[in-house]
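Work through the following exercises with the sequence and the structure side by side. Try each task before reading its solution.

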Amino acid sequence: MLLLTKKYSPYFLFILSSFFMLSCVKDVDFDQAETLKIESVVDVSLLYFDLQASQVGFIPNNDVNPYSVQDTTKLEIFSKPFLEENLKEATFDFEFLNSIPRIFNAKIVLYDNAYNELDEIEILVDSPKITNTTSYNETEIQKIKNMAYMGIELMLMPGAPMLDPNSSGELLLKSSGTFFMSIDAD
Amino acid sequence: MRINQVILYLLLFLGVFINAQNKQLLYNFTDIPQSLMVNPGATIQNRAYFGIPALSGIYANVGTSEISLYDLFSDDGVDFNAKVRNAVYSLNNNDIQRVNEQVEILNVGFKIGGLFSKNYVSFGVYQELNVFNYWPEDLAILAYEGNSTNIGRPFNLSHLNVKGELLTVFHIGFHRKVNEHFSYGIRGKLYSGIIDISSTKNSGYFVTSEGTNNIYTHTLLSDVKVQTSGYSGLREEDVDGAADVLNILKNRALLGGNIGLGVDFGITYTPSDQWTHTASIQDLGYIAQKKDVETYTLKGAYSLEGINLPFDAIITGGGLSDNWQELIDEIEAAFPRDTIYNSYTTMRPVKFNAATMYNFGAKRRSNDCNCTSGKNDYVNSVGLQLFAESHSRYPQAALTAFYYRKLGSALRVKTTYTVDKFSKTNIGLGLSTHFANFNFYLLADNLLEYYNLADANNASLQFGFNYIFPIKD
């Protein structure tokens with residue numbers, strides 16, 4: 001049996017190899033995969049609040065004394081290594097809608113992990129609708145990559161009328177971030 | 001990226017060197033003993049045979065619908081990212097990527113109960129790898145574009161639909177020729193599952209829409225399940241290196257894995273010398289996935305508008321709260337990520353074949369050839385074959401027209417033209433040679449694309465060696 005196999009093996013090999021030789025693969029270059037770049041754009045809602053004039057009315061003498069409240073929240077939408085590698089640019093959009101007949105000054109503060117201030121966006125809310133767009137280009141993007149907390153300091157500016165628990169109106173904040181990614185093959 | 005490249009090379013290699021789940025060339029090619037594997041009721045043309053161990057049947061098939069490797073990787077100077085972009089936008093969730101490979105380890109058949117008996121037994125072992133993926137259209141677009149340009153568009157999670165299995169099959173078949181016109185066969189199968197990964201019944205969506213309290217609302221409604229068996233054991237800490245993994249897999253291949261049962265049926269009906277009709281069903285069976293099972297689920301619903309700062313409460317003395325942690329806790333409660341260790345059952349992909357064949361041309365003198373049964377001695381046959389295979393969404397089907405010819409005593413040739421999802425230009429050629437009781441066969445389809453295999457949407461090759469004890473006249 002072995003002899004027979006030997007006798008015919010050149011024949012088998014011929015057929016087999018002719019198939020493989022006739023077939024070919026035309027100029028393909030798999031190294032192209034190294035140049036793969038995905039540029040996705042991600043929109044994410046950030047902070048929002050709804051402040052009622054009636055609540056502000058609990059602040060005594062709010063027509064003469066400047067009064068401020070602040071809150072800070074951790075904000076890690078993407079993992080640090082992912083951002084570090086892939087985030088190219090970012091934009092923050094803030095929209096204040098104010099139906100309280102008073103002026104507010106808002107400061108949005110970006111902090112790193114150790115509460116060091118990275119950036120401050122100051123917005124004076126002196127009309128019923130105020131929008132602000134703050135962009136971080138490639139040279140400034142490190143601030144966003146390092147950001148771990150976002151805080152808002154909201155100051156009620158002295159003025160008239162004085163607000164009381166029966167006052168009507170509200171101050172709304174809506175905000176979102178647009179993150180421009182550039183995801184490479186490596 | 002290295003690993004991806006290796007996988008791509010591997011896919012290409014398989015595409016070049018092996019054959020598809022639709023074995024249109026092997027079906028009804030009864031000079032080749034392995035045709036019993038696609039129809040246990042096929043006409044038997046020998047007293048006995050044995051496959052040369054590990055070389056009796058090597059089969060592989062790679063298929064991608066719509067896009068070929070060449071479309072992506074041709075060295076044509078076109079920017080690669082433009083080609084990726086084209087691929088992302090031209091593929092949809094009905095497009096398929098599949099790999100199928102089988103290697104026979106043992107295959108033996110013989111007549112039982114004396115020379116004139118009508119009964120025939122065959123048995124053997126083969127190993128099979130099967131990966132079937134529907135293109136996850138929505139998830140690919142979400143990853144590629146992001147949600148920014150897709151506000152209001154729900155991304156459908158049911159597009160995630162993938163199944164992969166690696167198993168060993170032990171089988172024994174019984175064939176009976178009832179009379180001159182009719183024979184039938186049945187093959188029992190014992191599956192030893194090595195690895196199974198299956199995620200085919202997902203639902204839900206992710207959508208970013210305009211919000212009420214904030215600019216956007218992000219909504220995730222998810223019922224996603226990934227079932228695995230034989231996977232968690234491979235990533236345990238004491239599994240050290242490829243040698244350990246191989247040892248574990250070897251053990252599972254030999255009935256140490258997840259056990260299942262299946263059956264094949266087949267018939268051949270020959271109303272006259274000139275007409276033959278055949279049909280078969282393969283792999284009507286299941287595997288009970290019990291050992292080393294892990295099922296991951298993500299089931300829940302949540303709408304997120306961002307982080308609410310409770311200034312009202314702060315002013316009235318409610319104090320600060322940890323907004324972030326509260327949000328995370330809420331989301332985690334809405335999506336209880338779960339790993340379940342319950343066993344589950346997978347159905348094997350069922351294959352159906354049917355064919356009708358007309359024999360014609362000069363009858364050969366029976367002493368010309370010592371390897372045919374002597375009954376059907378027409379040298380030509382033409383016919384039609386239908387193939388269908390069950391999958392999680394809908395069956396895959398193919399229609400084949402074929403011409404078969406006996407050339408001298410030593411050579412049998414079958415050519416096929418097949419139409420299916422992958423290609424409308426699939427021409428195949430099969431050769432079976434018979435010298436001194438040795439049978440060598442080679443079956444390859446998509447010959448038109450052989451000049452550039454990288455551009456083939458589907459290619460398969462099967463070959464093997466057998467030793468055949470011919471029927472004595």
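**Exercise 1.** Find which elements the buried residues of helix α7 of chain B pack against, and explain on which side of α7(B) those residues lie.

*Solution.* In this predicted model, the packing partners of the buried residues of α7(B) are β4 (67–74) of chain A together with β12 (293–304) and β13 (307–308) of chain B. The next step is to name the buried residues themselves, which are B:Asn323, B:Trp324, B:Leu327 and B:Ala334. Because these residues cover an arc of only 100° around the axis, they sit on the same side of α7(B). The general geometry helps here: an α-helix has 3.6 residues a turn, so residues three or four places apart point the same way. As a last step, consider the length of the helix: α7(B) runs over residues 323–334, has twelve residues, and reaches 17 Å from its first C-alpha to its last, which is close to the 16 Å expected at 1.5 Å a residue.

**Exercise 2.** Describe how helices α3 and α4 of chain B cross, and list the residues that make the contact.

*Solution.* Begin with the axes: those of α3(B), residues 80–90, and α4(B), residues 137–145, come within 10 Å and cross at roughly 145°. The handedness of this crossing is left-handed. From α3(B), the contact is made by B:Asn81, B:Val84, B:Arg85, B:Val88 and B:Tyr89, while α4(B) contributes B:Ile141, B:Tyr144 and B:Glu145. Sorting these residues by class gives five nonpolar, one polar and two charged residues.

**Exercise 3.** Work out which residues of α4(B) are buried, what covers them, and whether B:Ala140 counts as buried or exposed.

*Solution.* The buried residues of α4(B) are B:Glu137, B:Asp138, B:Ala140, B:Ile141, B:Tyr144 and B:Glu145. They lie on the same side of α4(B), because the arc they cover around the axis is only 160°. Their cover includes β1 (37–38) and β2 (41–45) of chain A, together with α3 and β5 (155–156) of chain B.

Turning to a single residue, B:Ala140 belongs to helix α4 of chain B, and its relative accessibility of 15% is why B:Ala140 counts as buried, the cut-off being under 20%. B:Ala140 and B:Asn92 are 48 residues apart in sequence, yet their C-alpha atoms are 9.8 Å apart in space. Just after α4(B) comes B:Gly146, which takes a positive phi of about 85°.

**Exercise 4.** Locate A:Ser79 and decide how exposed A:Ser79 is.

*Solution.* A:Ser79 is found in chain A, in the loop between β4 and α3 (80–86). A:Ser79 counts as partly exposed because its relative accessibility is 41%, a value between the cut-offs of 20% and 50%. In sequence, A:Ser79 and A:Lys145 are 66 residues apart, and in space they are 9.7 Å apart from C-alpha to C-alpha.

**Exercise 5.** Summarise each chain by its secondary structure, its buried share and its long-range contacts.

*Solution.* Take each chain in turn.

- Chain A has four helices and eleven strands; of its 186 residues, 45% are buried; and among its contacts with a separation of 6 or more, 86% join residues 24 or more positions apart.
- Chain B has seven helices and 22 strands; of its 473 residues, 54% are buried; and among its contacts with a separation of 6 or more, 71% join residues 24 or more positions apart.

Conventions
Residues are numbered from 1 along each chain as its sequence is written. Chains are lettered from A and ligands numbered from 1 in the order in which they are written. This is a predicted model: local features need pLDDT of at least 70, side-chain atom pairs count only at pLDDT 80 or more; totals for chains, interfaces and linings use all residues. Side-chain values use heavy atoms; hydrogens and water are left out. Axes are lines fitted to C-alpha atoms, for helices over the stretch in contact, and angles run from 0 to 180 degrees between N-to-C directions. Helices (H or I, at least four residues) and strands (E, at least two) are DSSP runs, numbered from the N terminus. A crossing is left-handed if the near helix is turned anticlockwise from the far one by less than a right angle, and right-handed if clockwise. Contact means heavy atoms within 4.5 Å. Ala, Val, Leu, Ile, Met, Phe, Trp, Tyr, Cys and Pro count as nonpolar, Asp, Glu, Lys and Arg as charged, and the others, Gly among them, as polar. The expected span of a helix is 1.5 Å times one less than its number of residues. Buried means under 20% relative accessible area, exposed over 50%, partly exposed in between (1.4 Å probe, protein chains only). The arc is that of the directions from the helix axis to the C-beta atoms.
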